[in-house]
Amino acid sequence: MKALHGYPGIRRAMVAASLFVFSVLGLVACGSLLDTERPADVRYWLEPLASGGAQPLAPFRLELELSVVPGLDTERVLMLDRSARLGALGAARWADSLSEVLGSVMARSLAVQGARVAAPYGAKDPETCRLELAFREFFATGSGQPDAVRASVSGRLDCPSEGWQLAAQETRQTTQSADAVVAALQSALDDVTRDISGQIARSRQP
């Protein structure tokens with residue numbers, strides 16, 4: 001080092017080069033950590049009811065407005081634990097925000113059953129009924145790991161001459177994997193939709 005005392009420029013250059021090398025190594029290490037610690041998002045799709053031939057809602061004209069309660073309107077697949085903590089289920093996500101996904105699935109399911117479904121606030125026929133639905137639950141439950149799912153919805157059907165309150169709920173057991181949770185939620189959604197559709201169909205009966 002004594003040999004460098006007479007050459008301050010060289011010493012400063014060596015120090016700067018060392019700092020540059022350490023900075024580059026630090027950035028590479030941080031980048032590797034970021035790449036490996038965050039798993040890629042896994043997007044899940046929900047299907048409407050399949051056509052079963054019968055169309056119990058064929059004469060109905062419905063204006064559908066669907067919402068979800070605060071806390072549920074996210075792209076993430078959620079789990080509620082025993083301590084009332086609502087959190088994401090790993091990297092599992094829906095194709096869009098939950099209200100958009102469920103609104104689309106419900107509208108297509110009603111259409112499959114013969115209803116003519118219109119978006120809210122648009123031009124409508126005087127005989128159109130207004131269907132308002134709010135999902136109160138659509139998540140997995142468990143302590144640490146999911147062991148069940150819950151889906152529940154309530155709302156109101158208002159037709160020109162009368163109105164009806166609607167409600168349906170379903171629970172399913174599941175295993176811990178995200179695939180199993182989504183499959184259980186799909187099954188619960190199917191039955192909730194059938195229940196609501198049946199209540200709508202029965203509203204026409206004298």
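Two strands count as paired if DSSP finds at least two bridges between them. Keep that in mind as we look around this protein, which is a predicted model.

**The overall picture**

The protein has 3 helices and 8 strands. Going along the sequence, they come in the order α-β-β-β-β-α-β-β-β-β-α. There are 206 residues, and 37% of them count as buried. If you take the contacts between residues at least 6 apart in sequence, 68% link residues at least 24 apart. The exposed surface adds up to about 11900 Å², with carbon and sulfur atoms supplying 56% of it.

**A look at strand β6**

Is strand β6 enclosed or open? Strand β6 covers residues 129-143, and 11 of its 15 residues are buried, so the rest of the structure largely encloses it.

Here's who pairs with β6:

| Partner of β6 | Residues | Bridges | Direction |
|---|---|---|---|
| β2 | 61-68 | 7 bridges | parallel |
| β3 | 76-81 | 3 bridges | parallel |
| β7 | 145-158 | 13 bridges | antiparallel |

Now for some individual residues. Val 68 sits opposite Phe 135 of β6. Leu 80, for its part, has Thr 141 in β6 as its bridge partner. Over on the β7 side, Ser 143 faces Gln 145 of β7.

**The turn into β7**

How many residues lie between the strands in the hairpin of β6 and β7? There is 1 residue between them, and Gly 144 in this hairpin takes a positive phi near 85 degrees. Past the turn, β7 runs antiparallel to β6.

Notes:
Residues are numbered from 1 along each chain as its sequence is written. This is a predicted model: local features need pLDDT of at least 70, side-chain atom pairs count only at pLDDT 80 or more; totals for chains, interfaces and linings use all residues. Side-chain values use heavy atoms; hydrogens and water are left out. Helices (H or I, at least four residues) and strands (E, at least two) are DSSP runs, numbered from the N terminus. Buried means under 20% relative accessible area, exposed over 50%, partly exposed in between (1.4 Å probe, protein chains only). Contact means heavy atoms within 4.5 Å. Accessible areas come from the Shrake-Rupley method with a 1.4 Å probe; for residues, only the protein chains shown count as cover.
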